[in-house]
Amino acid sequence: MLRAVISAIVASAATLAAAGVQAQPAGAYYVATPAAAPTKARFITRSTAWHVDNGALVAARAPERDAILCQLLARDVGGLTAFSAGGKTFDAAQLGACNAKAGITAPTMANN
């Protein structure tokens with residue numbers, strides 16, 4: 001029984017790693033992958049403080065809706081290739097809408 005549980009955990013971890021899912025940094029509610037490397041290590045969108053953590057942009061929970069925060073961030077950094085809020089990753093349609101509303105047509109997708 002224990003062996004089966006351990007095997008399932010290992011298989012799940014391998015699947016997530018293969019999918020390129022980043023671990024949620026401590027204290028981060030939002031995690032975003034910019035299409036291009038940010039020019040600053042720290043910045044603010046409206047009332048949300050962001051910082052770069054291991055190549056990702058991270059921030060604590062903010063009062064704005066997740067979709068709005070994604071748009072604000074995309075507008076400031078020039079597009080996103082991934083965005084998650086509270087551990088829930090935006091799908092391709094949500095991410096596309098985020099970038100489009102920020103005025104970004106199609107950011108270059110980074111290899112994960």
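Colleague: Why are β3 and β4 called paired strands?

Modeller: Pairing requires that DSSP find at least two bridges between two strands; β3 (residues 48–53) and β4 are joined by 3 bridges in the antiparallel sense, so the criterion is met. Strands here are DSSP runs of E with at least two residues, helices are runs of H or I with at least four residues, and both are numbered from the N terminus. The model is a predicted one, in which local features need pLDDT of at least 70 and side-chain atom pairs count only at pLDDT 80 or more, whereas totals for chains, interfaces and linings use all residues. Residues are numbered from 1 along each chain as its sequence is written, and side-chain values use heavy atoms, with hydrogens and water left out.

Colleague: What lies between β3 and β4?

Modeller: The two strands form a hairpin with 2 residues between them. Asparagine 54, in the turn, has a positive phi of about 55 degrees. Aspartate 53 stands opposite alanine 56 in β4.

Colleague: What makes β1 a partner of β4?

Modeller: β1 and β4 run antiparallel and share 3 bridges, so the pairing rule is again satisfied. Alanine 32 has leucine 57 in β4 as its bridge partner.

Colleague: Why are both faces of β4 said to be covered?

Modeller: Buried means under 20% relative accessible area, exposed means over 50%, and partly exposed lies in between (1.4 Å probe, protein chains only). Ala56 and Val58 on one side, and Leu57 and Ala59 on the other, are all buried. In a regular strand, side chains alternate between the two faces of the sheet.

Colleague: What makes a set of residues a nonpolar core, and which elements contribute to the largest one?

Modeller: The members must be buried Ala, Val, Leu, Ile, Met, Phe, Trp, Tyr or Cys residues joined through side-chain atoms within 4.5 Å. The largest such core has 22 residues, and Tyr30, Trp50 and Leu57 are among those with the most contacts inside it. Two or more residues each come from β1 (30–34), β4 (56–59), α2 (66–77), β5 (80–85) and α3 (92–101). The largest share, 6 residues, comes from α2.

Colleague: Why is the pair of phenylalanine 83 and phenylalanine 90 called edge-to-face?

Modeller: Rings of Phe, Tyr and Trp (its six-membered ring) pair if their centres lie within 6.5 Å; planes under 30 degrees apart count as stacked, over 60 as edge-to-face and the rest as tilted. Phenylalanine 83 and phenylalanine 90 lie 4.8 Å apart centre to centre, with 70 degrees between the planes, so the pair is edge-to-face. Both residues are buried.
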